[in-house]
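Subject: Structure for you to look at

Hello,

Here is the structure I promised to pass on. Please open it alongside this email; my notes follow below.

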Amino acid sequence: MRRVITLALLVSVPGSTASRARYGGTLQLALAGRPAEADGLYADTPAEATLLALTGRALCLSPFGVTRPTPSTVRIDVPPTLKASDVAALLKRVQTEPSPYRALLGPVSQISVAGSAVELKLAYAWPDLESALCHPALALPGAGPFKLSAPGRYAADPVYAAGRPYLDELVVTSTDDRGAERLFTQRKAHLAIGLAPKPDAEKLSLAFATALLYSPSLPPTFRAAFETAVDRNDLVRFFVRPPAAPLLPGTPQTKPAALSPVREVTLLYDASLDDQRAVAARLQVRLAPLGYRVALKPLPRRELRARWAKGDYELMLFSALLPARSANALALVLEAAKAQELAQKHLPGLGALDDEAREEKAKELLVTLGPSLAALPLYVQGLSLSVGPTVQNLKLDAWGLPRLDDVFLGAE
Amino acid sequence: MRLRTTLSLAFLALSLVQVATVVPFALKNLTALLTGQEQQRIDRSMVAAEATAARKQADAHAAMSELARSPDLEEVARDADRKPPPPSLATAAETLMQKRRLQVLSLLDGNGRTLSSGHLPAHFGDVDDTLLEVTKHPADAIVPVMVELSGSSGLRKAPALVTARPVDYGDSRMWAVGGVLIGEAFATELDQLTGAQVEIVSGNERIASTGARPASAAVRTLEFPPVAQVRLSFSRAGMLATEAEVLRAFLAFASLGLALALLIGVAVSRRITRPLEALTDASRRIAAGELDATVQLPAQGELRTLIETFNRMTMDLKATTEKLVQSERIAAWQEVARRLAHEIKNPLTPIKMSLETLIALGKRGDPRFNTMFQESAGAVLEEVERLRRTVDEFSQFARLPRPKLQRLDLSELAAQVLQLYAPGKITYRADLQPNVAVDADRDQLTQVIVNLVKNAEESMSETGGEVTVHVAKDAASAWLEVRDEGAGVPPDQRARIFEPYVTTKSGGTGLGLPIAARIAQEHSGRLELLDSEKGARFRLTLPAA
């Protein structure tokens, strides 16, 4: 599987003139759309992850400290204002909940609390575990620089362990595209998230991947039927909110004959994601001439993940925020496609390689193993960001998501 | 059947005839009226339904004409002409469709490729031959087609009425094909407008339906060939319920009328027949001997005349009867006196002759005097005995005592009497049904049986034969028959055999049978001489106990 991902770690976003950092002010943020989830394990769309980062904190960032006392042990130091047991409980929950992100802790065989730290014992060498701990799904809730004081209002925590944010408050207004655009153009919002990106916009990270998972019970010609019927470029251009890019297949396929009699299948998708609804409708239309009568069934995200965990689906649109490192991404992809055997076969060997070799090998495996997985990659998406001139010090993390905790407002 | 019952039934029959004549006729007329009204209602509803369909088509027509002229579509045409087209093109038709309350809208290029679809946005980029075909019709034509829609269970086809409009932009021509669906909303609208159950059918598939089809319905259709047929089922349940209700009311009133007719009939017939019944009852009582019976009922007209005449006739009859009875009594006493005189006189003559002979012989000193005295004395004594018997029987006949009734078994009594007779020349046969109970005086009844058996025996004293005594009963009566094989009763005496002093026997008093007959009469029974081929056959009939 190839993906077009631009990794930009802590990239400063242009559009703001440098000025001296100053405390205070309320940042108005216009959000095109309405985030559906607040739980880190399920709030994995770019917009949800961005907002969750205000009140949660990734375990790889301060005030946490991540060290590796031994090659097979990773230690997470927890600041006194937080509890190590909460961190341990979070990690154990990640391992047990029906989520593809448990693959991030795949190498971890034991989680234990040691004083004010949490120690992770590894079953096999995995140098990318520290990078995995940066994933928004592993962020500790309530440990962020802001506190949710009212719906849509985030107040700065003055005693935040890593230092209080510059901003006093951050107000999020959820509205539709036109409303968000109006707020931004009228300068009633300092930032706008989710608007259609301008043609000359910075190339942002596209880490939110969507794939079509399918059941082995489908005819063997299903993959070929799909590849010949669905144009990913059309999907990305007309049915998915930008910024997005197609995930193109590696090998061309031959169009099979239409099934007779017609095969009835059910396509499950996330009821809270308009993009998945539009893509599902498109797949329904494109697969019909090839003998597939596709019934559409929207489900709440939790129920969708539960069905995924049990393998209870024929077709399912599955989205996840890909990790920054390719090895972690490979583990997540194999977990999502339910290819546990392949994971057990290839991942321990990957962990033994050095960083560069491991990265290359992981990318190679993503390409070679792709056709054998019951998963069809569709597209990746990022978060479009419109930044006003007074917004200063806005940085992006490894997923292209804005870090709002370091932002301050400059002079008008 | 009694006259009162006949008259009552006649009243009832008369009313029944009227009801049987009027009710079916009225019901038939009512049914025709209701059916006519129902038909008119259905016709009006169908006119409204057709007008609604026509209005929808006209609205789609107007909306599409406005769309074709609008700057919105020009903007879409401009976007479609760009290379590559902008992402907003995919949803443009949906926005245009919703603004104009259309349910179907596709924007096609000249080759039928979908530039944007409002009813199926996912159809973007696909060739739609069906809608492309619509572009070949005249611009003002509304064309029924099957369009594809996205459904939860898969793509489905639905009937629609669409029209096409060309949109020229620069060198390129685009087509806007739009209209309305013939679906659930249309069915609901027709249901609310007409009150009918609406079903939309396309081929063998039911597209939409408002409820279940009524069990009894008049069905009309709106045709949208070749894609759909709209069936409107107008329930006849209301009309049938009204008919049934009216029928029930008719029957109720008819029943009430018949009941009233019966009551009135009974009352009137009673009024009419009561005097007649009184007359009948009085006649019966008079026949039974109650000559004082009169009818004292208020009446009018002919009935009053009849009652008065009857009462007068009754009084006349009573007077006449009393005179007759008096005459008969006098005649009967005269007859009895005559018979008695005759019976007494008969023995007196030989007595007198014997005494005169003795006087003559005595006067002459005839030596035969002693011999003659003995003979004459014997003759005189015999005649005196005969006189005595005659007087005794007459006395008994004259003052027969009132019977002392007690429950008796007639068969037992007959058997006891027969035991007094020893068989010899004459045999006695008993045919006695057991348990023949009567209320009678034992002595008097025994006297009757003895008299009858003795008569039978005496009739065969020379020739011998069989005396048969038969006892039987039925629900009302008990009877005893005595039959003999003697000479029988001469025909000229049969009518008078129960009169006093009528006898066939020499030396008989002729009072035995009259006494027996009187005893029978005193016991509310009768004694009869029945016909018989041989001998005499007497039957005593008494009321059964």
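Two strands pair if DSSP finds at least two bridges between them. Keep that in mind for the strand notes. Also keep in mind that this is a predicted model.

**Chain A, overall**

Chain A has 412 residues, and 54% of them count as buried. Its secondary structure comes to 11 helices and 23 strands. Take the contacts in chain A between residues at least 6 apart in sequence: 75% of these join residues at least 24 apart.

**Strands around β15(A)**

Start with β15 of chain A, residues 263-270. This strand runs parallel to β16(A), residues 292-299, and eight bridges join the two. At Leu268(A), the residue standing opposite in β16(A) is Lys297(A). The connection goes through helix α7(A), residues 274-287. Together, β15(A), α7(A) and β16(A) make a right-handed β-α-β unit.

β15(A) also pairs with β17(A), residues 315-321. That pairing is parallel too, over two bridges. Leu268(A) appears here as well: Met316(A) in β17(A) stands opposite Leu268(A).

**Strands around β5(A)**

Now the antiparallel part. β4(A), residues 65-70, pairs with β5(A), residues 73-77, over four bridges. A hairpin of two residues joins β4(A) to β5(A). Thr70(A) has Thr73(A) in β5(A) as its bridge partner.

Which strand do five bridges join to β5(A)? It is β7(A), residues 117-122, and the two run antiparallel. Thr73(A) stands opposite Lys121(A) in β7(A). Thr73(A) therefore counts as a residue of a paired strand, since β5(A) and β7(A) are joined by five bridges and pairing needs at least two.

**Cores**

In soluble globular proteins, nonpolar side chains tend to be buried together. The largest nonpolar core in this model has 94 residues. Leu91(A), Val118(A), Leu120(A) and Leu170(A) have the most contacts inside it. Helix α9(A), residues 326-336, gives the most to this core, with seven residues.

A second, separate core has 76 residues. Phe238(A) and Leu317(A) are in this second core, and so are Leu222(B) and Val227(B).

Have a look at Leu170(A) in the largest core. Leaving aside residues up to four places away in sequence, Leu170(A) touches Leu27(A), Leu29(A), Leu54(A) and Leu404(A). Phe146(A), Gly152(A), Arg153(A) and Tyr154(A) are also touched by Leu170(A).

**A charge to check in chain B**

Glu243(B) lies in helix α6(B), residues 237-287. Is Glu243(B) buried or exposed? Glu243(B) is buried, yet it has no salt bridge. Arg236(B) is the nearest side chain of opposite charge, 5.3 Å away. The salt-bridge cut-off is 4 Å, so that pair does not qualify. Leaving aside residues up to four places away in sequence, Glu243(B) touches Thr31(B) and Leu34(B).

**Backbone points**

Most residues other than glycine have a negative phi, and most peptide bonds are trans. Here are the exceptions I noted.

- The Ser260(A) to Pro261(A) peptide bond is cis, with omega near 0 degrees. Pro261(A) lies in the loop between β14(A), 244-246, and β15(A).
- The Pro225(B) to Pro226(B) peptide bond is cis as well, again with omega near 0 degrees. Pro226(B) is in the loop between β8(B), 217-224, and β9(B), 228-235.
- Arg187(A) is not a glycine, but its phi is positive, about 65 degrees. Its loop runs between α4(A), 177-185, and β12(A), 191-193. Arg187(A) is exposed, with a relative accessible area of 61%.
- Asn393(A) has a positive phi near 60 degrees. Asn393(A) sits in the loop between β20(A), 391-392, and β21(A), 395-396. With 28% relative accessibility, Asn393(A) counts as partly exposed.
- Ser524(B) follows helix α11(B) and has a positive phi, near 65 degrees.

**Helix α11(B)**

This helix covers residues 512-522 of chain B. Its buried residues include Leu513(B), Pro514(B), Ile515(B), Ala516(B), Ala517(B), Ile519(B) and Ala520(B).

Best wishes

Definitions and conventions. Residues numbered from 1 in each chain as written. Chains lettered and ligands numbered in written order. Predicted model: local features only at pLDDT ≥ 70, side-chain atom pairs only at ≥ 80, totals over all residues. Heavy atoms only, no water. Core = buried A, V, L, I, M, F, W, Y, C linked by side-chain atoms within 4.5 Å. Buried < 20%, exposed > 50% of the residue type's maximum accessible area, 1.4 Å probe, protein only. Contact = heavy atoms within 4.5 Å. Lys, Arg positive; Asp, Glu negative; His and termini not counted. Right-handed = clockwise from strand over helix to strand, strands pointing away.
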